[in-house]
Amino acid sequence: MPRFASWTPAGTGCRRRRCERASGIARWLSRAPRVLVLNKAAGVICTRSDPEGRPTVFEGLPELANGRWIAVGRLDFQSSGLLLITSDGALANRMMHPSTGLDREYAVRVNFKLTDAEVAALKRGVEVEGEQLRFSDIRYYNGSASNHW
């Protein structure tokens, strides 16, 4: 059963296929929010349009009858990995807003193995652009020479 996204008086911007009239009230019908899991490739940007003409994650996504696709977070231009894309702005906001306390996990390659003191400092927190950021945990996976995960 569709959920009712919003209410509006009958006849005010309602298209026949997208709304239902009952007792002078038009109910906008919408499908359940859609969520895509995208494997973002390096060299693709997480914005709607790029003045430099680089490819974006939104190119080639299925068309939506209503609304637009929203990327949940972003990955750097040269980063690759899974990216969630949704048609539900409230869901995207809940997943991205720091107040929800949602844990984010990253796999990072560094050119050297961090010392115990460096790991402790990252767990205590560092200031970035006036904001205190910290890691809840840091795990070493594997690596050698200048290639550590």
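**Entry 1: the Arg54 pair.** I started with a charged contact: Arg54 forms a salt bridge with Asp50, and their closest N and O atoms are 2.7 Å apart. I note here that the model I am reading is a predicted one. How accessible are the two partners? Arg54 is partly exposed, with a relative accessible area of 24%. Asp50 has a relative accessible area of 13%, and it counts as buried because the cut-off for that class is under 20%.

**Entry 2: another partner for Arg54.** I then looked at Glu52, which also forms a salt bridge with Arg54. Here the closest N and O atoms are 3.9 Å apart, and the pair counts because the limit is 4 Å. Is Glu52 buried or exposed? Glu52 is exposed, at 61% relative accessible area. Putting the contacts together, I have Asp50, Glu52 and Arg54 linked in a network of salt bridges.

**Entry 3: the rest of the salt bridges.** How many salt bridges does a search of the whole structure find? The search finds three. Besides the two that involve Arg54, I wrote down the one between Asp137 and Arg139, with the closest N and O atoms 3.2 Å apart. Asp137 is partly exposed, its relative accessible area being 37%. Arg139 is partly exposed as well, with a value of 47%. A reminder to myself: side chains of opposite charge can pair when their charged atoms come close.

**Entry 4: the overall layout.** Time to step back and look at the fold. I count two helices and 10 strands in the protein. Along the sequence, the order of elements reads β-β-β-β-β-β-α-α-β-β-β-β. The protein has 149 residues, and 21% of them count as buried.

**Entry 5: the largest pocket.** Next I turned to the pockets. The largest pocket has a volume of about 2500 Å³. Which residues of its lining are closest to the centre? They are Arg104, Glu105, Tyr106, Val108 and Phe135, out of 46 lining residues. I also listed the elements that give two or more residues to this lining: strand 6 (81-86), helix 1 (89-96), helix 2 (116-124), strand 7 (126-128) and strand 8 (131-133). Which of them gives the largest share? Strand 6 does, with four residues. By residue type, the lining divides into 26 nonpolar, eight polar and 12 charged residues.

**Entry 6: a nonpolar patch.** Strand 7 came up again when I checked the surface, since Val128 lies in that strand. Together with Val126 and Leu133, Val128 makes a nonpolar surface patch of about 200 Å². I looked up the accessibility of Val128 too: the residue is partly exposed, with a relative accessible area of 38%. That value lets Val128 join a patch, because patch residues need over 30%.

**Entry 7: Arg68 in its loop.** My last stop was Arg68. Where does this residue sit? Arg68 is in the loop between strand 4 (35-40) and strand 5 (70-72). Arg68 counts as exposed, with a relative accessibility of 52%, because the class begins over 50%. I also checked a contact along the backbone: the C-alpha atoms of Arg68 and Ser87 are separated by 5.8 Å, while the two residues are 19 residues apart along the chain.

Note on methods: Residues are numbered from 1 along each chain as its sequence is written. This is a predicted model: local features need pLDDT of at least 70, side-chain atom pairs count only at pLDDT 80 or more; totals for chains, interfaces and linings use all residues. Side-chain values use heavy atoms; hydrogens and water are left out. On a 1 Å grid over the protein atoms alone, a cavity is a set of points where a 1.4 Å probe fits but cannot get out, and a pocket is an open set with protein on both sides within 12 Å along at least five of seven lines; lining residues have an atom within 4 Å of a point. Grid points are joined across faces, edges and corners, and a volume is the space filled by probe spheres set on the points. Ala, Val, Leu, Ile, Met, Phe, Trp, Tyr, Cys and Pro count as nonpolar, Asp, Glu, Lys and Arg as charged, and the others, Gly among them, as polar. A salt bridge is a side-chain nitrogen of Lys or Arg within 4 Å of a carboxyl oxygen of Asp or Glu. Buried means under 20% relative accessible area, exposed over 50%, partly exposed in between (1.4 Å probe, protein chains only). Patches are made of residues with over 30% relative accessible area and no salt bridge: like charges are joined within 9 Å, nonpolar side chains (Val, Leu, Ile, Met, Phe, Trp, Tyr) within 5 Å. Accessible areas come from the Shrake-Rupley method with a 1.4 Å probe; for residues, only the protein chains shown count as cover.
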